[in-house]
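Here's a quick briefing to read alongside the model. It starts with the ligand, then moves on to domains and helix packing.

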Amino acid sequence: MPERFDAIVVGAGPAGNAAALTLAEAGVSVLLLERGEYPGSKNVQGAIMYADQLQALIPDFRDDAPLERHIVEQRIWMLDDSAHVGTHYRSDGFNEELPNRYTIIRAQFDKWFAKKVQAAGALLICETTVTELLKDGDRVVGVRTDRAGGDIHADVVILADGVNALVAQRSGLRDELKPDNVALAVKEMHFLPEEVIQQRFNIGENEGVVIEAAGTITDGMLGTGFIYTNRESLSVGIGCLVSDFAASKTRPYDLLERFKQHPSIRPLLAGSEVKEYAAHLIPEGGYRAVPKVFGDGWLMAGDAGQFVNSLHREGSNMAMTTGRIAAETVIDLKREGKPMNGRNLSLYRKRLEDSYVMKDLRKYRDLPQVLHRNKQFVTTYPKLLAGAADTWFRVDGVDKRSKERQIVRSFLKGRSLRGLVGDALRLARAVR
Ligand SMILES: Cc1cc2nc3c(=O)[nH]c(=O)nc-3n(C[C@H](O)[C@H](O)[C@H](O)COP(=O)(O)OP(=O)(O)OC[C@H]3O[C@@H](n4cnc5c(N)ncnc54)[C@H](O)[C@@H]3O)c2cc1C
């Protein structure tokens with residue numbers, strides 16, 4: 001193996017694979033290092049994969065990518081202790097020739113993705129952990145690995161090692177994660193026969209459903225639960241801010257058990273066999289939590305850079321986009337013969353600001369703090385909404401005008417007029 005490359009990419013998740021593929025296709029010599037036995041072996045995701053960004057990298061990915069089902073229906077549920085109020089959007093339009101969203105299983109998907117990266121000419125080495133960055137003064141000049149004699153040099157290192165970003169932390173390039181900027185998610189795989197899933201969720205052979213749920217299921221903590229349909233399994237999980245778990249002393253697995261026992265959820269899982277359990281962090285600090293993502297000889301992409309839009313559950317697409325843009329920046333500088341110093345690599349941040357990644361994170365920049373300070377959105381409102389629906393739909397001889405008054409009274413009692421108006425304004429401002 002050569003001891004010097006044009007670029008080294010740390011981590012073969014969506015960000016690292018996207019970066020290495022883009023570099024290799026442009027003829028840049030690139031080494032992709034992965035600590036797992038194979039790419040994906042250590043990775044956890046829901047997982048919905050958004051086709052658009054993958055298609056930009058591998059236009060014909062549908063030919064052989066390990067895809068589970070394409071999504072035709074999105075359910076968003078607000079749960080109280082015994083009911084849910086929700087919206088469903090289902091469309092035959094999602095049965096288009098090139099579907100937009102798929103469920104995937106990351107262990108299979110990342111492995112497939114990395115094979116494409118190798119086919120493009122990158123060198124992939126697994127079971128190799130990058131322990132720290134090699135520096136010449138402040139300039140990053142390569143990586144140290146856990147292999148004997150494992151120092152490798154490069155003009156630029158792209159850090160795509162995921163949410164903990166330990167390599168950057170150890171090298172003083174990023175602060176430690178703050179507990180209120182990161183969620184801990186636990187997830188199980190529930191196996192069921194394909195036909196049972198299709199019947200239960202009212203879907204056809206390749207069709208899938210996404211259920212996102214919030215409300216009293218998180219016990220006053222900020223977070224959401226989910227169910228995604230795979231071909232022969234359901235991904236079932238729940239995640240909340242680490243700071244909330246610490247303050248409430250709730251055990252994540254207990255929360256998942258409660259979610260699974262909710263009367264709206266339990267029937268969907270009935271008879272399933274649980275085969276896998278995993279826990280993983282998700283960056284949820286948004287725009288304000290994005291650290292410095294470039295410097296002399298280095299760039300940071302994906303979860304390491306906190307590029308996740310938690311409201312829309314978009315992480316893998318942002319990882320692929322930031323990985324690709326990081327690589328394109330390197331390619332352009334190399335073509336122009338410019339050194340990989342911080343000044344030149346700042347072009348990466350500029351390009352990110354112009355992309356949907358930073359535009360979306362900027363749009364929701366106040367949302368994490370607003371939700372954190374206003375827990376009534378996951379405590380009081382789910383109960384008020386379920387109560388209102390119960391009053392409205394129960395046929396009990398009470399006239400409809402009286403029902404309307406009863407509902408309005410319950411909201412005024414639950415939050416007061418000032419509280420209701422304040423909440424509406426707070427939320428509108430946070431997502432404007
Ligand atoms: C429960 C859950 C559900 C989610 N659901 C969705 C969803 O439905 N849709 C969506 O878009 N996003 C979802 N996300 C977010 C998504 O998984 C991440 O945003 C995405 O995986 C980030 O990709 P990445 O490449 O930056 O990091 P990762 O996928 O974490 O990949 C990092 C890679 O780096 C390797 N690595 C780490 N340290 C080292 C080291 N020192 N040396 C070598 N290799 C190293 C790891 O083994 C790993 O392969 C979810 C996350 C979780 C936890």
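**Ligand shell, domains and helix pairs**

By class, the shell around the ligand breaks down into 18 nonpolar, 15 polar and eight charged residues. Keep in mind that this is a predicted model. The rest of the briefing goes topic by topic.

**Around the ligand**

- There are 41 residues around the ligand, and the ones that come nearest are Gly-11, Gly-13, Gly-162, Gly-302 and Gly-315.
- Which elements give two or more residues to the shell around the ligand? They are helix H1 (14-25), helix H4 (166-170), strand S11 (182-191), strand S15 (273-283) and helix H9 (316-335).

**Domains**

- The domain assignment splits off domain 1 as 4-66 + 105-175 + 291-354, with domain 2 covering 368-431.
- Measuring from C-alpha centre to C-alpha centre, domain 1 and domain 2 are 45 Å apart.

**H1 against H3**

- H1 packs with helix H3 (residues 106-119) at an angle of about 15 degrees, and their axes are 9 Å apart.
- Because of that angle, H1 counts as roughly parallel to H3.
- The H1 and H3 crossing is left-handed.
- On the H1 side, the contact uses Asn-17, Ala-20, Leu-21 and Ala-24, while H3 brings Asp-110, Phe-113, Ala-114, Lys-116 and Val-117.
- Sorted by class, the contact of H1 with H3 has six nonpolar, one polar and two charged residues.

**H9 against H10**

- H9 meets helix H10 (residues 342-354) with axes that come within 9 Å and cross at roughly 140 degrees.
- The crossing of H9 with H10 is right-handed.
- H9 supplies Thr-322, Ile-325, Ala-326, Thr-329 and Leu-333 to the contact, and H10 supplies Asn-344, Leu-345, Leu-347, Tyr-348, Arg-351 and Leu-352.
- In class terms, the contact of H9 with H10 has seven nonpolar, three polar and one charged residues.

**H13 against H14**

- For helix H13 (residues 380-393) and helix H14 (residues 400-431), the axes come within 10 Å and cross at roughly 170 degrees.
- That angle is why H13 counts as roughly antiparallel to H14.
- Is the crossing of H13 and H14 left-handed or right-handed? The H13 and H14 crossing is right-handed.
- Thr-380, Leu-384, Gly-387, Ala-388, Thr-391 and Trp-392 make the contact from H13, with Lys-403, Gln-406, Ile-407, Ser-410, Phe-411, Gly-414 and Arg-415 coming from H14.
- The class tally for the contact of H13 with H14 is five nonpolar, six polar and two charged residues.

Technical notes. Residues are numbered from 1 along each chain as its sequence is written. This is a predicted model: local features need pLDDT of at least 70, side-chain atom pairs count only at pLDDT 80 or more; totals for chains, interfaces and linings use all residues. A residue is near a molecule or strand if its C-beta atom, placed from the backbone, lies within 6 Å of it. Helices (H or I, at least four residues) and strands (E, at least two) are DSSP runs, numbered from the N terminus. Ala, Val, Leu, Ile, Met, Phe, Trp, Tyr, Cys and Pro count as nonpolar, Asp, Glu, Lys and Arg as charged, and the others, Gly among them, as polar. Domain bounds come from an automatic or database domain assignment. Axes are lines fitted to C-alpha atoms, for helices over the stretch in contact, and angles run from 0 to 180 degrees between N-to-C directions. Angles under 35 degrees count as roughly parallel, over 145 as roughly antiparallel, 65 to 115 as roughly perpendicular and the rest as oblique. A crossing is left-handed if the near helix is turned anticlockwise from the far one by less than a right angle, and right-handed if clockwise. Two residues are in contact if their C-beta atoms, placed from the backbone, lie within 7 Å.
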